[in-house]
Each structure stands twice: as structure tokens, then as C-alpha cells.
Amino acid sequence: MSVRRSVSIVIPNRNGAATLEACLRAAGAAASRAGRAEVVVVDDASDDGSIAIVERFPVKLVRLEAHGGVSRARNAGARAASGELLLFIDADCLLAEEAVAEARVAYGDRADLVLGGTYTPRPADEDFFSRFQSAFIHHFETKRAAPDYVAAHAMLVDAERFRSSGGFVEGSFIGVAASVEDVELSHRLRRAGCELAMCPALRVTHVFGFSLRRSLANAVKKARYWTAYSLVNRDLLADSGTASRELKTNVALALAQALLLAASVVARAAGPLAAAAALLALDLHVNRRLVAAWFRAGGLGFSALATLYYATLYAAAVGLGAAAGAAQWAWRLRSSGRIRSCTPRSGTCQLSS
């Protein structure tokens with residue numbers, strides 16, 4: 001069986017000059033090690049000097065004249081690519097040197113496989129919030145060998161199968177930006193008969209650049225998109241990668257604890273406080289594997305601080321985003337009728353009253 005299929009590494013870029021050089025250097029090294037691989041960069045009308053950086057590397061450059069979003073950029077890259085397999089990563093991701101070669105071997109000669117990778121447990125930047133996020137995503141995206149979705153920061157797929165599927169949805173889902181375009185594509189490909197699988201060797205080191213504000217804003221945004229999409233998809237309670245049952249339990253228990261603490265203050269009673277402590281213990285038990293992942297990534301002090309952040313501010317941000325997504329879905333449903341599905345490329349939704 002031949003496993004030497006050609007690979008195109010497709011990288012969408014929008015004003016990514018801060019990370020693009022490191023990304024292209026790592027992608028080039030991985031492509032060189034693998035052989036029969038090319039790098040395709042799609043610039044989404046950047047105005048930050050990205051083009052000058054790309055032109056220093058032996059890559060195929062596709063320039064979009066007008067800003068069209070990451071899905072449109074990825075689809076344009078897929079059209080320009082010559083490889084039999086497409087490996088999608090992001091412009092703030094650094095491919096491991098052996099990632100392309102090993103992922104290609106894992107993919108083999110199949111055409112009905114969507115192979116996923118994930119972030120390394122430790123990110124490129126060593127601040128607390130970036131380390132928190134990288135270990136969090138790595139843990140949940142690798143929890144299952146057969147995941148619910150494959151993220152586009154490390155997705156390997158047969159080129160013809162991808163093109164025939166219509167590619168990533170361009171536009172929006174029920175009025176919110178298509179930030180879950182890789183989840184929607186994964187679900188659509190699985191319904192078409194593809195298998196989703198994780199490849200432990202397909203890793204990228206992510207450059208987050210997170211602060212407290214950016215971490216919380218990211219949590220609100222992602223929860224909003226996830227909730228709106230999950231309500232359309234009717235799988236709100238599914239155990240879906242980073243939108244895991246552990247995270248959903250954490251948010252629900254954090255809300256219950258806040259209510260109990262408020263009741264304790266108002267009633268000046270210790271009973272609600274004891275109940276809140278019991279719920280915290282339950283939360284720690286449910287998320288014990290995540291806590292262990294933080295310990296492996298940064299030791300005892302880091303895992304303790306990460307757990308505290310996760311159970312308080314992070315849970316509040318996710319809850320706020322989920323409430324916003326549910327409200328937007330409900331408003332759209334009320335004004336437009338029942339949402340049945342979204343159309344690839346255009347991102348429009350089919351409705352029925």
C-alpha cells in the first residue's frame with residue numbers, strides 16, 4: 001500500500017505578520033521532511049506587511065483582493081492546491097517537523113477519512129492564560145480516538161473528497177460568524193460516510209498571545225457560536241471536543257454555587273455555603289482528568305491556579321457566551337421560522353415555518 005501521497009499544507013492568513021514567519025518556517029521544515037509536499041498560503045486581503053513575509057518563502061501564494069473570511073480563504077487554498085491530501089493549519093500554528101510525514105502514513109490510501117491533530121500541551125508563548133488554553137484544548141481534543149469533530153488548526157483530508165463536499169461554509173450561521181466552520185464540515189463529512197479520527201503525531205504549537213481580557217473574550221465568543229450551532233444541530237448536550245460535558249457541567253455547577261453563596265449571604269445561614277462546597281467538590285471530580293492535564297503541563301501551582309480560574313471567571317464567561325448564543329438563536333428562530341440546515345459556501349440557512 002502506497003502512503004506517499006502528495007500533501008498541500010493550506011494556511012489562511014489575515015494580518016498575521018506577527019506569527020507568519022515562524023509558521024512558514026515550521027511548515028517548510030515539515031514539508032521538506034515529508035517530501036512530496038507543498039505549502040499554500042492564502043492571504044485574505046492583509047494590510048500589515050504579511051505579503052512581504054510570504055514572498056521570502058518558497059510557497060504558493062494566493063491573494064484575495066477583498067476580505068472574505070477564513071472559510072473563503074481555506075476554500076481558495078484548496079482550489080489552488082495540487083496535493084492529493086489537504087492539511088489545513090492556521091497562520092499562528094507551528095507544525096511539528098515530523099507531523100506531515102507521520103500523519104500521511106496514518107492516513108494511508110483512504111479517501112473517506114478526516115484525520116485530526118491538536119495543539120501541543122504547552123503553547124509557544126509561556127504566559128498563564130496561553131498555557132491554560134493550550135493544555136485545555138489538547139486535553140479535550142485528544143480525549144477520544146474517534147472525535148465528534150476535527151479542528152481546522154490541524155485537519156488532514158482527501159482533496160477530492162473535500163472539494164466535492166463543498167468545503168467550509170462561507171458566511172454565517174443564523175447571524176453569527178462561522179467560527180465553528182470546521183465543526184460543521186466535520187459533521188457534514190461524517191454524514192456523507194467519512195470517518196473522523198485523531199492522529200497523536202499531528203501536532204501544532206499555537207501562538208495565543210492571551211491576556212485575561214483576551215482569554216475571557218475568547219471564551220464568550222466561542223461559547224456563543226457553539227451554543228447557536230448546537231441548537232441548530234440539536235446536540236447541545238453532546239460531548240463535543242472542547243465543548244465537552246465536563247465544561248458544560250463546570251458552567252452549570254458554577255452557576256449553582258453562585259446562587260447558593262448569594263443565598264447564604266442573604267439568609268445569613270451556613271447551609272447553602274456547605275451545599276456550594278459540595279458542588280465544588282463534585283466539579284473537581286468531574287474535571288479531574290483536566291486538572292491532571294494542567295498538572296502535567298505546568299506543575300502543582302499552575303494546575304491549582306488554572307483550576308480556580310476555570311471554576312470561576314472562565315465558567316462565568318462561557319455561561320455568558322452560551323446565554324448570548326441561545327438568545328440569538330431564539331430570536332432568529334422567532335423571526336425566520338424553524339432552521340433546518342446551512343448551505344456550504346454561502347452559509348445561508350434553509351428555513352421552514
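Colleague: Which residues in α7 meet Trp-226, Tyr-229 and Asn-233 in α8?

Modeller: Val-183, Glu-184, His-187 and Arg-191 do. Contact means heavy atoms within 4.5 Å. By class, the residues of this contact divide into 3 nonpolar, 2 polar and 2 charged. Ala, Val, Leu, Ile, Met, Phe, Trp, Tyr, Cys and Pro count as nonpolar, Asp, Glu, Lys and Arg as charged, and the others, Gly among them, as polar. A word on the source: this is a predicted model, where local features need pLDDT of at least 70, side-chain atom pairs count only at pLDDT 80 or more, and totals for chains, interfaces and linings use all residues. Residues are numbered from 1 along each chain as its sequence is written, and side-chain values use heavy atoms, with hydrogens and water left out.

Colleague: How are two packed helices described?

Modeller: By the angle between their axes and the distance between the axes. Here, the axes of α7 (residues 181-191) and α8 (residues 212-233) come within 11 Å and cross at roughly 25°. That makes α7 roughly parallel to α8 (angles under 35 degrees count as roughly parallel, over 145 as roughly antiparallel, 65 to 115 as roughly perpendicular and the rest as oblique). The crossing of α7 with α8 is right-handed.

Colleague: At what angle do α9 and α10 pack?

Modeller: At about 170°, with the axes 8 Å apart. α9 and α10 are therefore roughly antiparallel. Their crossing is left-handed. Residues of α9 in this contact include Leu-253, Leu-260 and Leu-261. Among those they meet in α10 (residues 271-286) are Leu-273, Leu-279 and Leu-280. The α9 contact with α10 has 13 nonpolar, 4 polar and 2 charged residues.

Colleague: What span should the 23 residues of α9 have?

Modeller: The expected span is 1.5 Å times one less than the number of residues. For α9 (residues 245-267) that gives 33 Å, and the end C-alpha atoms are 32 Å apart, which agrees. Just after α9, Arg-268 takes a positive phi of about 50°.

Colleague: Which residues of α9 are buried?

Modeller: Buried means under 20% relative accessible area, exposed over 50%, partly exposed in between (1.4 Å probe, protein chains only). In α9 the buried residues are Glu-246, Leu-247, Asn-250, Val-251, Leu-253, Ala-254, Gln-257 and Ser-264.

Colleague: Is Arg-74 buried or exposed?

Modeller: Buried, because its relative accessibility is 3%. Arg-74 lies in α3 (residues 70-80). Beyond its neighbours within four places in sequence, Arg-74 is in contact with Val-10, Pro-12, Phe-88, Asp-90, Ala-152, Phe-168 and Glu-181.

Terms used:
Axes fitted to C-alpha atoms, helices over the stretch in contact; angles between N-to-C directions. Helix = DSSP H or I, 4+ residues; strand = E, 2+ residues; numbered from the N terminus. Left-handed = near helix turned anticlockwise from the far one by under 90°.
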